[in-house]
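Here are a few exercises to work through with the model open beside you. Try each task before reading its solution.

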Amino acid sequence: MGTVDVDGIRIAFTRAGRGRPIVLLGGFVGDGAGTWHHQIDALSGSYTVVSWDPPGSGGSSDVPESFRLPDYATCLAGLISALGLERPVLLGLSFGGALALEYWRHPDAQVRGLVLAGAYAGWAGSLPADTVASRLRTCLAASLLPASEFASKLVPSMFSPGAPADVVAEVRDNIAATFRPGGFRAMARSSAEADLRDILPLIDVPTVVLHGEADVRAPRFVADALCAAIPGSRLVVLPGVGHVSCIEDSERFTTELDTFLRGLERRRSGS
């Protein structure tokens with residue numbers, strides 16, 4: 001674990017391995033290491049793998065609840081610059097997927113490829129307005145609960161009904177241990193207000209959309225809309241898993257990620 005300072009905000013991150021860089025952007029609960037430890041372990045033998053804790057979560061600084069997606073993108077740009085990561089692949093899960101899209105329009109953006117897992121073009125850009133309003137109300141009410149109750153409230157919608165109990169418990173414990181109410185509310189409001197559909201047709205790097213077949217938070221129509229709007233993107237459906245597919249079926253998820261990364265290397269070498 002390390003930290004960098006971006007405009008007075010402490011950004012905590014985990015860095016492992018050597019090689020072409022991959023930046024892992026998690027959702028609006030849990031921390032980077034807890035979300036991505038399977039992928040960090042699997043990929044750090046061939047790549048430089050960096051996961052961050054978004055401002056207001058994990059080991060990063062608290063931020064005002066007025067923080068919104070462009071502010072997170074500015075912090076992400078600062079982290080990438082401070083670590084000297086040249087044209088990283090961005091892998092975004094849920095909120096992290098929306099952040100990856102917002103980062104795309106940042107003036108300092110440099111991206112080699114995008115992996116969008118359980119992602120949205122913002123809730124406002126992907127979900128019906130009544131669903132967005134209901135989801136935000138639920139999140140804001142949950143943010144007032146004690147940490148253990150908060151985690152128990154959110155976890156059921158993140159997994160398929162058949163997810164292993166020990167895996168669910170591990171995620172629930174990580175969420176409870178890292179819960180920061182104000183930071184969570186800022187990310188929830190950022191998600192609810194964001195409509196990133198205008199960015200999608202402008203994306204001109206290889207992109208894969210990973211969709212958990214049993215994902216009830218970002219249903220199949222959300223993934224289909226992302227693929228339809230992003231030129232040349234590819235949809236991969238992971239059977240039987242829910243929203244946090246990188247944890248629920250880490251082996252299959254990482255295999256698909258590795259396939260995508262190897263394709264980028266072949267493209268780079270011209271083979």
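**Exercise 1.** Which residues does F179 touch, not counting residues up to four places away in sequence?

*Solution.* Before starting, note that this is a predicted model, in which local features need pLDDT of at least 70 and side-chain atom pairs count only at pLDDT 80 or more, while totals for chains, interfaces and linings use all residues. Residues are numbered from 1 along each chain as its sequence is written, and side-chain values use heavy atoms, with hydrogens and water left out.

Step 1: find F179 in the loop between α7 (165-178) and α8 (181-193); helices (H or I, at least four residues) and strands (E, at least two) are DSSP runs, numbered from the N terminus.
Step 2: search for contacts, meaning heavy atoms within 4.5 Å. The residues touched by F179 are S143, L145, A147, F150 and F184.
Step 3: check the accessibility, where buried means under 20% relative accessible area, exposed over 50%, and partly exposed in between (1.4 Å probe, protein chains only). With a relative accessible area of 15%, F179 is buried.
Step 4: compare sequence and space. G58 is 121 residues from F179 in sequence, yet their C-alpha atoms are 7.7 Å apart.

**Exercise 2.** Work out the strand order of the open sheet, and explain why one side of β1 and of β8 is left without a neighbour in the sheet.

*Solution.* Step 1: apply the pairing rule, by which two strands pair if DSSP finds at least two bridges between them. The eight strands then line up as β1-β2-β4-β3-β5-β6-β7-β8, with mixed pairing.
Step 2: look at the edges. β1 (2-6) and β8 each have a single partner strand, so one side of each has no neighbour in the sheet.
Step 3: take the twist. Neighbouring strands are turned by 20° against each other on average, direction ignored; axes are lines fitted to C-alpha atoms, for helices over the stretch in contact, and angles run from 0 to 180 degrees between N-to-C directions.
Step 4: add a helix. Helix α1 (residues 32-43) packs on the sheet, touching β2 (9-16), β3 (21-25), β4 (48-52) and β5 (89-93), and its direction makes about 175° with that of β4.

**Exercise 3.** Follow the chain from β7 to β8 and give the handedness of the crossover.

*Solution.* Step 1: β7 (residues 207-212) pairs with β8 (residues 234-238) in the parallel sense over five bridges, and V208 has R234 as its bridge partner.
Step 2: the chain passes through helix α9 (residues 220-229), and this β-α-β crossover is right-handed: with the strands pointing away from the viewer, the path from the first strand over the helix to the second runs clockwise.
Step 3: α9 lies across both strands, at about 160° to β8.
Step 4: on to β6 (residues 113-117), which pairs with β7 in the parallel sense over four bridges; L116 is matched there with V209.

**Exercise 4.** How many salt bridges are there, and which join residues of α11?

*Solution.* Step 1: count each side-chain nitrogen of Lys or Arg within 4 Å of a carboxyl oxygen of Asp or Glu. The count comes to twelve salt bridges.
Step 2: in helix α11 (residues 250-269), E256 and R252 are four residues apart, so about one helical turn separates them; their closest N and O atoms are 3.2 Å apart. E256 is buried at 15%, whereas R252 is partly exposed at 31%.
Step 3: R262 and D258 are also four residues apart in α11, and their salt bridge has its closest N and O atoms 2.7 Å apart.
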